[in-house]
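Here's a quick tour of one chain, going from the overall build down to a single sheet. Have the structure open while you read.

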Amino acid sequence: MRNLILILLILFACQPKKDNGKEHIRTVSGETPASEMGMSLIHEHVLVDFIGADSTGYHRWNRAEVVARVMPFLEAAKARGVKTIVECTPAYLGRDPLLLKELSEKSGIQFLTNTGYYGAVGEKYLPKIVEEATSDELAAIWIGEAKDGIENTGIKPGFIKISVNEGSTLNALDEKLVRAAALTHQATGLLIVSHTGPWATAKAQIEILQSMNVDLGHFVWVHAQNEKDFASYDTAHDLGVWISLDGIAWDVPGHLERLRYCKEKGFLDRVLVSHDAGWYRPGEPDGGDFKGYTALFDELIPQLKSAGFTESDIDLLLVKNPRVAFSLE
């Protein structure tokens with residue numbers, strides 16, 4: 001299997017550079033210059049199916065119904081200047097590249113989808129293959145999606161999304177996912193975005209990535225807003241990690257407090273922000289209680305400005321940082 005990984009690495013190394021070597025992002029509609037990413041929400045969801053990996057599938061939802069339900073929320077985000085949404089729903093939890101492509105075409109918003117598996121919540125959303133497969137074998141699957149597209153859609157992922165259970169040590173399956181993500185990143189350059197939570201869990205992943213010589217500037221500590229000790233942000237910043245405060249839809253005051261800390265410390269340049277909103281839920285009437293993507297603009301930004309944040313600070317958080325984090329060469 002390691003020979004397969006080496007072959008895939010060589011294949012990617014031999015691919016011609018896009019835009020004469022300029023940076024680009026990979027959307028569900030294809031590659032586009034990173035300079036066209038614009039104002040971006042880096043952690044949102046369109047649809048999440050909580051039924052479990054053994055039961056989910058495209059049969060669980062009607063794309064036309066989802067599109068009709070979600071479009072007004074996308075139009076509201078677009079009216080506030082959003083140009084790109086990073087859709088963080090992984091495989092076996094409701095990932096649907098064709099749904100995102102249709103929404104992109106109808107709304108004019110660019111979408112990024114992902115490769116990878118979600119290990120948290122007691123492995124409820126992991127396919128059975130993960131138990132027996134090695135990290136190399138999982139990486140081969142994810143690298144295959146990056147090279148050839150997801151399933152038979154031709155749509156390629158723009159980042160790697162994994163998830164681990166909270167704790168200062170990782171269980172064997174979570175460690176396998178982190179190693180597979182590292183191998184996939186090394187072969188493709190895709191950013192590693194990991195649902196994490198507390199710093200202790202982030203640290204456990206970072207130690208694995210460091211042992212595999214992964215540049216921590218390609219690792220996103222997702223749900224860093226769940227860490228109570230703000231000093232951990234200092235440590236993460238010093239390591240080059242992206243600090244993702246991505247639950248605005250659920251806690252505007254908490255995000256204001258954390259962003260003020262990061263500004264005072266002088267490292268807004270390593271911070272990402274988003275809502276973790278959306279969530280059309282298959283099986284619930286009308287897709288359940290869908291949360292929109294506007295609290296950042298209607299609630300948090302006015303409070304940030306009152307707290308002394310400048311337009312340059314807002315631009316850094318919503319335009320420059322996402323472009324640096326998600327761009328590929």
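The chain's secondary structure adds up to 11 helices and 11 strands, where helices (H or I, at least four residues) and strands (E, at least two) are DSSP runs numbered from the N terminus. With a radius of gyration of 19 Å against the 20 Å that the globule rule gives for 329 residues, the chain is as compact as a globular protein of that length. That radius is taken over C-alpha atoms, and the rule is 2.2 Å times the number of residues to the power 0.38.

This is a predicted model, in which local features need pLDDT of at least 70, side-chain atom pairs count only at pLDDT 80 or more, and totals for chains, interfaces and linings use all residues. Residues are numbered from 1 along each chain as its sequence is written, and side-chain values use heavy atoms, leaving out hydrogens and water.

Of the 329 residues, 59% are buried (under 20% relative accessible area, 1.4 Å probe, protein chains only).

Now for the sheet: it's open, with 3 strands in the order E3-E4-E5 and parallel pairing; strands pair if DSSP finds at least two bridges between them. Strands E3 and E5 are the edges, each pairing on one side only. E3 and E4 pair over 3 bridges, and Glu44 stands opposite Glu87 in E4.

Two helices lie across this sheet's strands:

| Helix | Lies across | Angle |
|---|---|---|
| H3 (residues 97-107) | E4 and E5 | about 160° to E5 |
| H11 (residues 311-326) | E3, E4 and E5 | about 60° to E3 |

Angles run from 0 to 180 degrees between N-to-C directions, with axes fitted to C-alpha atoms, for helices over the stretch in contact (heavy atoms within 4.5 Å).

Methods
Buried < 20%, exposed > 50% of the residue type's maximum accessible area, 1.4 Å probe, protein only.
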